[in-house]
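Work through the exercises below with the sequence and the model open beside you. Try each task before you read its solution.

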Amino acid sequence: MTAVDVSYQEMTQTAKVDAVPLGHLSVETGHLYLEDFADADRKIVRQLEQAAPWLEAAGKRIRKRFGRNARISTCFLVDDYAPPRSNVEQPKPSDVVDIVTAAAEQTGFRIDYLAREAGCAIAYERPYSGPRDQSPLADIVAGLIVEEAAVGANGSRPPTAQTGWLSNGERSPAVSVAMDAPDWEAPEEFGKYRHSVFVDIELWSQDSSERQYSCSLLSSVWQLLRLGLLRNAGQAVAKPYLFGPGEALPDLWQQLPSITQLSSDAAPFAAYEVFSILPQYYEAAEHAARIIIDHLRFDPAVLKQTADRAHDETNPITLPDNPAGRVSHLFFDDVHVTRND
Amino acid sequence: MSRATTDRDASPAVRPDGAPAVLGFGEVRTCLIQNLGTLSASASVALMQLTPGSPVSKVDRPVRRVVSPEQVTGVDCRLQVAREGRGRAIGTVLSHAVVTNGRILQGTAHVALSPASSTERREWRHYLRRQGVVEVLGSPKPHNVLDGYLTDVTPARGLDMASISDRIIDEVQLSSRLDHTTALKAGTAMVRWAVTLAPDSRPTVGIAKSDLPNFHVIRLSGAPDDLPMLVRFCEEFALHEWLLTTVQDVIVPRAETDIARDRDPLDSLLFALNELVPLWMPPTHLGPDMKALWEAMESRTHYTRLFERQVARIRDLRDQVKIRPPRRF
């Protein structure tokens, strides 16, 4: 009798990682709170007017590199996560879509995707999503954070990211009363160049039983979605949803998908390069988001998949090792020119 | 040791996979899950979901084995080096939990050590790209580092793999999904292991039972690619060692005492027969290398024969109780 080769294998969930469509460039053309729509299109028109020339310049640069068929998409983020600061009635999603579309047209471009910030905390795949088509994106990203080790950390202490804070350095020792602590010690940024820029980021606060995620953490989720790097157990999340011709938008924001596709022929939502054109007051949160992204452990399969696809493009692209290196920003100034016409 | 100034990763796209690992360290804790009943398959999976969005691995045969996603802990510490030499380890340690048949919980911490790719600490994301690897600055001799780790004390002076594996056990045992009672009082067993890695090295195993109770030390060797198999080997050894110790040192002596004092030992005897004995399943099905390793280990230790002898003893005790029931219940 000869020996028989027999194999027995059980499939586990580990194997498959979804790919997501990727364009060359994704431009975030603005970010507004729901109450900013209270005085109709005044604020959004101002933001889009500020963004327009930079959007055009960015598009020119990408088309020069990748040709006329370069895939460029635009998006706009509406913050429906923060509790409203005033009692002004919230505009309905369909009103906002109308305002955004009209304002963009007025400024001479098109917005392809409308995203909502609460949809970054939890991904809603379709209108009226039930728990089955939701993914806890903020929880997922928070779970990927690996705190940077301080010098001397040998694993004996639990990480402090569990407390809801992440820093880019070593905190100064707790000081209770100034009188007791004459030897104040400075905090120190890890890998500082001569001097520190020490940042301590609040990731969430605990409201009774529920976590309220910070703008910093949600911004990192948002950028990661645009980079096409988030998965839930290997599955793509927050895929853009395009409403059919006869399909009406829901009346409530929490019934809207995370990302609504506004134009049927839009280039992919996620891209190799992402660019955000924002008012200055988002700078701190965007910096924090970058620090968070630099502390994430990515699934090597997702990173490899993205790098390989970039490489296989007609004009091959070499992506940097660190995903945050694919994000750029422009914070426009507050200078306002009054026109006399 | 100088305080880190970072080597800025200036050049993109060069993916330095770094030097191959020369050593692997680990620690395994094995204990009963603090739950009165056996956990179902879905309860085991839910318990092992320690990282939202990361897949839990589950295999049903020959025994159900559910493994949590790897947890990542950053370290930058002095290595405990025996004899002479100094070293500093920077990088990340991995840890995961394993539930076997909804009854046994294991917490494993493991790490591979490789020579540093730079003379100074680098940006954090450099280390995040090689999860489960620490880079060693300085050039201590590998066998000194290995001996230093295996003989390190508590609390650890070097890499604290013990605390990392303890923490993952605690995290699972404190879960609100468990009722925090056990059917049997049994101890936690510890296995500390270290492997010397070299490209053409054939797997070898040396096991030493420490004078500390429930503590074993394993020295292994193998090729760098063998590391995952060796991690698994140590987990399987730890599980079987725990089963043998629990049956031999807890179940049987306790039943003998009970019978001598006319108390009923049947509950724990039946628990052993129904819940523990079916878990004895040497991992020889996993592949030719694992089979060779396990069988070589068996030929020295006769673990399976020892276990079978204990199982026969349990059946004897059970039969005795049936023939002459205890007076006190």
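The exercises that follow concern a predicted model, and each task is followed by its solution.

**Exercise 1. Overall form of chain A**

Task: Find how many helices and strands chain A has, and decide whether chain A is as compact as a globular protein of its length.

Solution: Begin with the secondary structure, where chain A shows seven helices and 17 strands. Next take the radius of gyration, which is 22 Å for chain A, while the globule rule gives 20 Å for 341 residues; the two values are close, so chain A is as compact as a globular protein of that length. The C-alpha trace of chain A spans about 85 × 70 × 45 Å along its principal axes. As for burial, 38% of the 341 residues of chain A count as buried. Finally, consider the contacts in chain A between residues at least 6 apart in sequence: 76% of them join residues at least 24 apart.

**Exercise 2. The domains of each chain**

Task: For chain A and then for chain B, state the domain bounds, and describe how the two domains of each chain touch.

Solution: In chain A, the assignment gives domain 1 as 22–141 + 212–332 and domain 2 as 148–172 + 185–202. The centres of these two domains, taken over C-alpha atoms, are separated by 30 Å, and the contact takes six residues from domain 1 of chain A and six residues from domain 2 of chain A. On the side of domain 1 of chain A, helix α6 (residues 283–294) gives the most, with three residues. By class, that side has three nonpolar, three polar and no charged residues.

In chain B, the assignment gives domain 1 (23–226) and domain 2 (243–323), with 26 Å between their centres over C-alpha atoms. Here 15 residues of domain 1 of chain B are in contact with 13 residues of domain 2 of chain B. The domain 1 side of that contact in chain B divides into nine nonpolar, four polar and two charged residues.

**Exercise 3. The contact between the chains and the nonpolar core**

Task: Describe the side of chain A that touches chain B, and then identify the residues with the most contacts inside the largest nonpolar core.

Solution: First count the residues, of which 36 come from chain A and 40 from chain B. The elements that give two or more residues to the chain A side are α4 (137–144) and β12 (231–232) of chain A, and the largest share, three residues, comes from α4(A). That side of chain A is made up of twelve nonpolar, 16 polar and eight charged residues.

Turn now to the largest nonpolar core, which has 162 residues, and in which A:Leu137, A:Ala138, A:Val141, A:Leu217, A:Val221 and B:Cys234 have the most contacts. The largest share of this core, 14 residues, comes from α5(B). If residues up to four places away in sequence are left out, A:Leu217 touches A:Ala138, A:Val141, A:Ala142, A:Leu203, A:Trp204 and A:Ile292.

**Exercise 4. The two sides of a helix**

Task: Explain why the buried residues of α6(B) can be said to line one face of the helix.

Solution: List the buried residues of helix α6 (residues 266–276) of chain B, which are B:Ser268, B:Leu269, B:Ala272 and B:Leu276. Seen down the axis of α6(B), these buried residues fall within an arc of 110°, so they line one face of the helix. On the other side of α6(B), B:Asp267 and B:Asn274 are exposed. The cover over the buried residues of α6(B) includes α5 (227–260) and α8 (303–323) of chain B.

As background, residues three or four places apart in an α-helix point the same way, because there are 3.6 residues a turn.

**Exercise 5. Backbone exceptions in chain B**

Task: Locate the cis peptide bonds at B:Pro62 and B:Pro155, and decide whether B:Asn101 and B:His302 are exposed or partly exposed.

Solution: Keep in mind that most peptide bonds are trans and that most residues other than glycine have a negative phi. The bond from B:Arg61 to B:Pro62 is cis, with omega near 0°, and B:Pro62 lies in the loop between β2 (57–59) and β3 (65–67) of chain B. The bond from B:Thr154 to B:Pro155 is also cis, with omega near -5°, and B:Pro155 is in the loop between α3 (142–150) and α4 (161–173) of chain B.

B:Asn101, which is not a glycine, has a positive phi of about 50° and sits in the loop between β5 (88–100) and β6 (104–115) of chain B. Because B:Asn101 has 19 C-beta neighbours inside 10 Å, it counts as partly exposed. B:His302 has a positive phi near 50° and is placed in the loop between α7 (288–301) and α8 of chain B. With 12 C-beta neighbours inside 10 Å, B:His302 counts as exposed.

Methods:
Residues numbered from 1 in each chain as written. Chains lettered and ligands numbered in written order. Predicted model: local features only at pLDDT ≥ 70, side-chain atom pairs only at ≥ 80, totals over all residues. Contact = placed C-beta atoms within 7 Å. Helix = DSSP H or I, 4+ residues; strand = E, 2+ residues; numbered from the N terminus. Nonpolar A, V, L, I, M, F, W, Y, C, P; charged D, E, K, R; others polar. Domains from an automatic or database assignment. Buried ≥ 20, exposed ≤ 12 C-beta atoms within 10 Å, placed from the backbone. Arc of directions from axis to C-beta. Rg over C-alpha atoms; globule rule 2.2 N^0.38 Å. Core = buried A, V, L, I, M, F, W, Y, C linked by C-beta atoms within 7 Å.
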